[in-house]
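Reader: Could you take me through this model, beginning with one of the helices? I would like the cut-offs stated as we go.

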Amino acid sequence: MSNPLARAKYINSVHSLRQLPPDDGREVVFAGRSNAGKSSALNALTNQKGLARVSKTPGRTQALNYFEVDPGRYLVDLPGYGYAKVPEAMREAWKGTINRYFNERASLAGLVVVMDIRHPLREYDLQMLDYAFARALPAHCLLTKADKLGRGEQARILAAVRKDLGDRATAQVFSADAKLGLDEARAVIAGWLEV
């Protein structure tokens, strides 16, 4: 199966909404805790080792990283949340930027929430899902690091997460290291991007 996401290339780090590309394409945004494996997931999905770089100081990067798959088709990497050791004023300003991005960005075609299968649906994960739900945006949850658990435990947690999510989002097990769930996730994202 060919991988349309393999064409992704880094375009820009956006620090303010004025720097966003024209709002006439399609973009899928990735969100997740700083230690959930978001960079690893992006790299595995695009079959590129160093596309999304891991920050030495999780939570410090306050930018949206844009990766172009095709002209006007983007993967957008939000900064990891949950471990940001930043001043309260900066955190509030960033929250306002994210609010505006989710509320005003017409190109936004879907949200992928990356969460460690051993710690799913934490407060920040639910907040991100609420952004999507508020504007009827499709959302998909990657339960990462699934290779750390046996198949039975994976299935049990996946069923519980799907029950908690109801019709707000879809979910799947995923492991960048074990290459588990790549085709399923790529199909969802490629469908949203229409590539």
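**Helices, strands and cores**

Author: In helix 4, the buried residues are Gln-154, Ile-157, Leu-158, Val-161 and Leu-165. Buried means under 20% relative accessible area, exposed over 50%, and partly exposed in between, with a 1.4 Å probe and protein chains only. Helices (H or I, at least four residues) and strands (E, at least two) are DSSP runs, numbered from the N terminus.

Reader: On what basis should I read these values?

Author: The model is predicted: local features need pLDDT of at least 70, side-chain atom pairs count only at pLDDT 80 or more, and totals for chains, interfaces and linings use all residues. Residues are numbered from 1 along each chain as its sequence is written, and side-chain values use heavy atoms, with hydrogens and water left out.

Reader: Back to helix 4: what is the arc of its buried residues Gln-154, Ile-157, Leu-158, Val-161 and Leu-165?

Author: The buried residues of helix 4 are Gln-154, Ile-157, Leu-158, Val-161 and Leu-165. They cover an arc of only 105° around the axis, which puts them on the same side of helix 4. The arc is that of the directions from the helix axis to the C-beta atoms. An α-helix has 3.6 residues a turn, so residues three or four places apart point the same way.

Reader: Which exposed residues does the other face of helix 4 carry, and what covers the buried ones?

Author: Gly-152 and Lys-163 are exposed on the face turned away from the buried side of helix 4. The cover over its buried residues includes helix 3, strand 6 and strand 7 (170-173).

Reader: Which residue follows helix 4?

Author: Gly-166 follows helix 4, with a positive phi near 60°.

Reader: Which residues of helix 3 are buried?

Author: Asp-125, Met-128, Leu-129, Tyr-131 and Ala-132 are the buried residues of helix 3. They cover an arc of only 145° around the axis, which places them on the same side of helix 3. These residues pack against strand 2 (26-32), helix 2 (88-104), strand 5 (108-116), strand 6 (139-144) and helix 4 (151-165). Glu-123 and Ala-134 are exposed on the face turned away from that buried side.

Reader: How many residues has the largest nonpolar core?

Author: The largest nonpolar core has 37 residues, and those with the most contacts inside it are Tyr-101, Phe-102, Leu-111 and Met-128. Such a core is a set of buried Ala, Val, Leu, Ile, Met, Phe, Trp, Tyr and Cys residues joined through side-chain atoms within 4.5 Å. Apart from the largest core lies another, of 25 residues, among them Phe-67, Ala-109, Val-114 and Leu-142.

Reader: What stands opposite Phe-67 in strand 4?

Author: Leu-75 in strand 4 stands opposite Phe-67. Strand 3 and strand 4 (residues 73-77) pair in the antiparallel sense over five bridges; two strands pair if DSSP finds at least two bridges between them. They form a hairpin with two residues between them, and Gly-72 in the turn has a positive phi of about 75°. Strand 3 (residues 64-70) has six of its seven residues buried.

Reader: Changing topic, is Asn-43 buried or exposed?

Author: Asn-43, in helix 1 (residues 38-46), is buried, with a relative accessible area of 11%. Its side chain reaches the backbone nitrogen of Leu-51 at 3.1 Å and the backbone nitrogen of Ala-52 at 2.7 Å.

Methods. Polar contact = N/O pair within 3.5 Å; in protein donor to acceptor, adjacent residues only side chain to side chain. Contact = heavy atoms within 4.5 Å.
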